[in-house]
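Hi,

Here is the structure I said I would pass on. Have a look at it first, and then read my notes underneath.

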Amino acid sequence: MNIVFKKLLYLIVMLIIISLISFFAINLAPNSFFASGELNPNITKESIEQLKAVYGLDKPLYLQYFSWLSAILQLDFGISFASGTMVKNEIITRLPITLILNISSMVLIFVLSLYLGIKAAFSKSKLFDKFATQLSLLSFSMPSFYLALILILVFSVNLELFPIAGLHSVANDGSLNYYLDFLWHLIMPIFVIVFAGIGSLTLYVRSLVIEILKSDYIFFAKARGLSKKQLLRYYILPNLYPPVITLLGLSLPAIIGGSVILESIFSIDGMGLLFYKSALAHDYPVIMGILIIGAFLTLLGNILADLVLLKLNPNYNNE
């Protein structure tokens, strides 16, 4: 319980630091949402100043921060400059699809990387090992946005096997067909995220298993006549879980950050696409809201990874 309390305290402190850096960095950026209005001869300077007063932008920067932080603590992310709606509502409507994309992708990355890495290590220097290694290197070096464009061109435009963009092609009638259509739209985006994520983790698992297979306890286990399945269950996997889970936790920011590009390419109306549109429009309340939510999910993911490690190995201590 003491560890959980320390983790929660760490999460709060880190969120405050991230919010502080993000807030001042965004507000010090050139141009603003009101820049186009200032150049419009039909909009008076008084109207611009009145609009800034409505959003509290006429106050000193430090007062704006404390006012914004106070609102955040009440789960009030402000009002969007562009749409005039509550930022919280815009994020809530788009958060589920981003979570579905990232959580399902992380599960697949974890399972596939373990399978490919372990099997490659057991068949070292053989055909499957060479295949897994080359596949991992291709995954590691292939930009996700480039792979997404190739898949769209080949499978959507030329072969017409998958939809080009969006999440639905049929009306929401609550039938099984609607949900199958939803899953059909997610296949290519999830494939891109998984393919881009398995490369480094597969090579890491492979190298770990090769080192484990060289250890003395594996030698004695083989001498006792243990099968490959028993070696895997009792010796290899227990030693693999801690570093692999740690690495997955550390890769969360890259996966969440990558969804900005992929959601934009596939026109998936999630947090990534919302962030992209808000960045183009200099919609600071939405940008800050998404940054805080993204930071919270990343920190929470790392904390959950640490707690899982603690459950798997009570002697694990990362303090």
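Below is what I found, starting with the whole chain and then going helix by helix.

First, a caveat: this is a predicted model. The fold is easy to list, with 13 helices and zero strands, so the run of elements from the N terminus is simply α-α-α-α-α-α-α-α-α-α-α-α-α. The protein has 319 residues, of which 37% count as buried. If you take the contacts between residues at least 6 apart in sequence, 71% of them join residues at least 24 apart.

Helix 6 is a good place to begin. It covers residues 127–141, and at 1.5 Å a residue its 15 residues should span 21 Å. The end C-alpha atoms are 21 Å apart, which agrees with that expectation. Which of its residues are buried? Asp129, Ala132, Ser136 and Ser139 are. Looking down the axis of helix 6, these buried residues fall within an arc of 95 degrees, so they line one face of the helix. On the other side, Leu127, Lys130, Gln134 and Ser141 are exposed. The cover over the buried residues of helix 6 includes helix 5 (87–122) and helix 8 (176–213).

That brings us to the helix pairs, and helix 5 with helix 6 follows on directly. Their axes come within 8 Å and cross at roughly 140 degrees, and the two helices are therefore oblique to each other. The crossing of helix 5 and helix 6 is left-handed. On the helix 5 side the residues are Tyr115, Leu116, Lys119 and Ala120, and they meet Phe128, Asp129, Ala132 and Leu135 of helix 6. Two names come back here: Asp129 and Ala132 are among the buried residues of helix 6, and both are also in this contact with helix 5.

Next, helix 7 (residues 144–158) packs on helix 8 at an angle of about 140 degrees, with the axes 10 Å apart. That angle makes helix 7 oblique to helix 8. Here the crossing is right-handed. From helix 7, Ser144, Leu147, Ala148, Leu151, Ile152, Phe155 and Ser156 take part, meeting Met188, Phe191, Val192, Phe195 and Ala196 of helix 8.

Closer to the N terminus, helix 1 (residues 2–27) and helix 4 (residues 61–73) pack at about 135 degrees, and their axes are 11 Å apart. This pair is therefore oblique too, and its crossing is right-handed. Helix 1 brings Ile16, Ser19, Leu20, Phe23, Phe24 and Asn27 to the contact, while helix 4 brings Leu61, Tyr62, Gln64, Tyr65, Trp68 and Leu69.

One residue I would like you to look at is arginine 94, which lies in helix 5. Is arginine 94 buried or exposed? Its relative accessibility is 18%, and the cut-off for buried is under 20%, so arginine 94 counts as buried. Setting aside neighbours within four places in sequence, arginine 94 is in contact with Asp269, Gly270, Met271 and Leu274. Aspartate 269 is 175 residues away along the chain, yet the C-alpha atoms of arginine 94 and aspartate 269 are separated by 6.4 Å.

Two of those partners also turn up in helix 12 (residues 271–281), where the buried residues are Met271, Gly272, Leu273, Leu274 and Ser278. Just after helix 12, histidine 282 has a positive phi of about 55 degrees.

Let me know what you make of it.

Cheers

Conventions: Residues numbered from 1 in each chain as written. Predicted model: local features only at pLDDT ≥ 70, side-chain atom pairs only at ≥ 80, totals over all residues. Heavy atoms only, no water. Helix = DSSP H or I, 4+ residues; strand = E, 2+ residues; numbered from the N terminus. Expected span 1.5 Å × (residues − 1). Buried < 20%, exposed > 50% of the residue type's maximum accessible area, 1.4 Å probe, protein only. Arc of directions from axis to C-beta. Contact = heavy atoms within 4.5 Å. Axes fitted to C-alpha atoms, helices over the stretch in contact; angles between N-to-C directions. Parallel < 35°, antiparallel > 145°, perpendicular 65-115°, else oblique. Left-handed = near helix turned anticlockwise from the far one by under 90°.
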